Amino acid sequence: MALGYIYGKCELARDLLAEGVPQEEMHKWVCMAEYESSFDTSAIHDNKGRTSTDYGIFQINSQWNCDPEDGRSTRNGCGHPCSDFLNTDLSDDVACIKQLKREHNGFRFSYAYRARCRRVTSRYLSEC
Ligand SMILES: [Ca+2]
């Protein structure tokens with residue numbers, strides 16, 4: 001397990017498949033990772049006013065879905081410290097995104113998905 005790894009697009013699709021992401025959803029997951037983090041597992045972005053921070057390749061949010069462990073309040077819906085979402089073990093990241101997808105009945109919880117990935121088709125992965 002390492003920090004700060006930047007995936008290639010097709011490499012990420014292979015790893016996500018190994019972590020149990022369904023092939024028919026793969027273009028959506030990889031597109032989300034591209035526009036959330038530019039495929040960087042260690043990406044950290046503070047939201048406006050620093051009330052919350054987004055972590056990792058899928059930019060999991062500290063206010064709702066992980067614990068920033070710095071005293072800020074959190075609902076920690078996925079039950080992990082946010083630092084778990086910065087390494088190259090994507091199993092917990094995938095489990096969290098699957099949970100959010102269930103809770104939200106789709107990927108619209110993701111800003112990047114709403115902004116960039118809604119109309120993406122499997123052709124997005126045609127070079128893989
Ligand atoms: Ca992880």
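Is T41 buried or exposed? I shall begin with this residue and then turn to the helices, the core and several loop positions. Please keep in mind throughout that the model before us is a predicted one.

T41 is buried, because 25 other C-beta atoms lie within 10 Å and the threshold for that class is 20 or more. The residue is found in the loop between α2 and β1. Once residues up to four places away in sequence are set aside, T41 touches G4, Y5, G56, I57, L86, N87 and T88. One of these partners, L86, is 45 residues from T41 in sequence, yet the two C-alpha atoms are 5.2 Å apart in space.

The same loop, between α2 and β1, also holds S38. For S38 the description is exposed, because 11 other C-beta atoms lie within 10 Å and the limit for that class is 12 or fewer. Its backbone also deserves a remark: the phi angle of S38 is near 55°, a positive value in a residue other than glycine.

Following the chain onward, we reach strand β1, which covers residues 44–46 and includes I44. I44 is partly exposed, with 16 other C-beta atoms within 10 Å. Leaving out residues up to four places away in sequence, I44 touches T53 and Y55. I44 and N61 are 17 residues apart in sequence, and their C-alpha atoms are 9.9 Å apart in space.

Let me now turn to the helices. Two packed helices are described by the angle between their axes and the distance between the axes. In this model, helix α1 spans residues 9–18 and helix α2 spans residues 26–37; their axes come within 10 Å and cross at roughly 125°. That angle makes α1 oblique to α2. As for its hand, the crossing of α1 and α2 is right-handed.

Which residues of α1 and α2 meet? From α1 come K9, L12, A13, L16 and L17, and from α2 come M26, W29, V30, A33 and E34. Sorted by class, this contact of α1 with α2 has eight nonpolar residues, two charged residues and no polar ones.

The loop between α1 and α2 contains E19. This residue counts as partly exposed, with 16 other C-beta atoms within 10 Å. Apart from its neighbours within four places in sequence, E19 is in contact with L90, S91 and V94. By comparison with those contacts, E19 and G79 are 60 residues apart in sequence and 19 Å apart in space, C-alpha to C-alpha.

We come next to the interior. In soluble globular proteins, nonpolar side chains tend to be buried together. Here the largest nonpolar core has 26 residues, of which M32, A33 and I60 touch the most other members. Four elements give two or more residues to this core, namely α1, α2, α3 (91–104) and α4 (111–117). The element that gives the most is α2, with five residues. A33, one of the three core residues just named, is also among the residues of α2 that meet α1.

With what is M32 in contact, leaving aside its neighbours within four places in sequence? Its partners are F58, F107, S110, A112, Y113 and C117.

Finally, I would draw attention to the loop between β3 (60–61) and α3, where N76 is found. N76 has a phi near 45°, again a positive value in a residue other than glycine. With 17 C-beta neighbours inside 10 Å, N76 counts as partly exposed.

D84 lies in the loop between β3 and α3 as well. It too counts as partly exposed, with 19 C-beta neighbours inside 10 Å; the buried class begins at 20. D84 and S122 are 38 residues apart in sequence, and 29 Å separates their C-alpha atoms in space.

To return to the opening question, T41 is buried, whereas S38, in the loop between α2 and β1, is exposed.

Terms used. Residues numbered from 1 in each chain as written. Predicted model: local features only at pLDDT ≥ 70, side-chain atom pairs only at ≥ 80, totals over all residues. Axes fitted to C-alpha atoms, helices over the stretch in contact; angles between N-to-C directions. Parallel < 35°, antiparallel > 145°, perpendicular 65-115°, else oblique. Left-handed = near helix turned anticlockwise from the far one by under 90°. Contact = placed C-beta atoms within 7 Å. Nonpolar A, V, L, I, M, F, W, Y, C, P; charged D, E, K, R; others polar. Core = buried A, V, L, I, M, F, W, Y, C linked by C-beta atoms within 7 Å.
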